[in-house]
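Reader: I'd love a close look at the inside of this one, with its cores and its open spaces. Could you walk me through it?

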Amino acid sequence: MSLLVPEPPLQKPSDKTTSATLVYQKLRRDILNGTMKPGQKLQIDQVAQRYDSGINPVREALNRLSAERLVDRRDQRGFFVPPLTLKAFRELVQSRCWIEALALEQSILNRTQAWEDELITTHYRLDREPVRLADEHGGDNSAWEERHRAFHNALIGNSGSSWITSFCHDMMDHAERYRFASMSGTYPRRDSREEHRAIMEAAIDGDIATATARLTAHYRLTLQRLEEQTSAPVPDEAEAPAAATD
């Protein structure tokens with residue numbers, strides 16, 4: 001008797017599911033880009049009004065985001081946007097270094113022409129997009145964010161493990177919160193274009209040691225810059241992050 005079962009047939013989503021998904025997508029975006037501030041309480045009725053939705057879809061969206069750790073659910077107190085702290089960012093960066101280095105190593109070991117082409121293409125598109133707007137005073141930087149994410153996804157996208165890829169995507173989401181929150185701070189001068197190029201070239205060359213070392217150094221430099229520009233000395237307290245590009 002086979003333990004394998006066929007894929008279930010696709011079902012048309014109900015109105016409730018569709019509405020909950022839309023709220024989830026909009027709220028998730030606003031949490032990642034800092035529109036919803038760290039520590040802000042997410043009142044269900046206010047969220048429903050903001051996104052022109054009913055109460056039940058909002059609850060479903062909040063529970064889904066809570067499972068992704070993008071919303072804090074506190075007993076008897078409700079839902080909150082998670083705070084941004086140096087302690088949490090240190091842990092996040094270390095975890096990214098561990099897991100993404102492994103994912104990149106496996107991607108290189110599994111290298112194919114299609115993967116190399118995707119890596120070169122996504123890097124080219126990222127390299128052509130300015131990191132920030134011309135005036136460097138913030139604003140919509142979604143084009144760079146999209147291309148930046150595509151490049152990093154391409155680096156690890158050939159690992160052969162959907163579990164690892166999923167973990168990496170989740171960590172990238174959380175790192176994005178720190179990047180968006182930092183946009184109002186002092187912009188540190190670093191050659192992120194050169195950093196990305198160097199990672200890409202080592203990966204294309206099949207040099208696992210160099211590629212993974214450059215990737216982890218890339219993330220650790222972001223943490224170092226943030227730590228240097230944060231005046232609060234206590235890592236357990238919420239601290240306003242300085243500007244970072246990764």
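To start with one detail, which residue lies over the face of F80, and how far is that residue from the ring centre?

Author: Happy to take you through it; please keep in mind that this is a predicted model. The residue over the face of F80 is R74, placed 4.0 Å from the ring centre. A second arginine, R64, sits over the face of Y24, at 3.7 Å from the centre of that ring. As for aromatic rings paired with one another, a search of the whole structure turns up one pair.

From there, let's go to the cores. The largest nonpolar core is made of 33 residues, and F89, L104, L119, L155 and A203 are those with the most contacts inside it. Six helices each give two or more residues to this core: α4 (86–109), α5 (113–128), α6 (142–156), α7 (162–181), α8 (192–204) and α9 (208–229). The most comes from α4, which gives eight residues. L155 is a good place to pause: setting aside neighbours within four places in sequence, L155 is in contact with L104, S107, W115, L119, I199, A203 and L215. Apart from this core lies another, of 19 residues, and Y24, the residue whose ring face R64 lies over, is among its members, as are M36, I44 and V81.

Now for the open spaces. The largest pocket holds about 550 Å³ of space. It has 21 lining residues, of which R69, A88, E91, L92 and H174 are the closest to the pocket centre. Both α4 and α7 supply at least two residues each to that lining.

Helix α7 deserves one more stop, since D173 is found there. D173 counts as buried because its relative accessible area is 6%, below the 20% cut-off for that word. Leaving out neighbours within four places in sequence, the contacts of D173 are R28, L32 and R149.

Finally, there are the enclosed spaces. A search of the whole structure finds two cavities of 30 Å³ or more, and the largest cavity has a volume of about 50 Å³. The residues lining the largest cavity are H123, L126, D127, E129, V131, W144, S192, R193 and H196. Here α5 and α8 each supply at least two residues of the lining, and these two helices are also among the elements that give two or more residues to the largest nonpolar core.

How values were computed:
Residues numbered from 1 in each chain as written. Predicted model: local features only at pLDDT ≥ 70, side-chain atom pairs only at ≥ 80, totals over all residues. Heavy atoms only, no water. Core = buried A, V, L, I, M, F, W, Y, C linked by side-chain atoms within 4.5 Å. Buried < 20%, exposed > 50% of the residue type's maximum accessible area, 1.4 Å probe, protein only. Helix = DSSP H or I, 4+ residues; strand = E, 2+ residues; numbered from the N terminus. Contact = heavy atoms within 4.5 Å. Phe/Tyr/Trp six-rings, centres within 6.5 Å; stacked < 30°, edge-to-face > 60°. Lys NZ or Arg CZ within 6 Å of the ring centre and 35° of its normal. 1 Å grid on protein atoms, 1.4 Å probe; cavity = no way out; pocket = protein on both sides within 12 Å on 5 of 7 lines; lining within 4 Å. Points joined across faces, edges and corners; volume = space filled by probe spheres on them.
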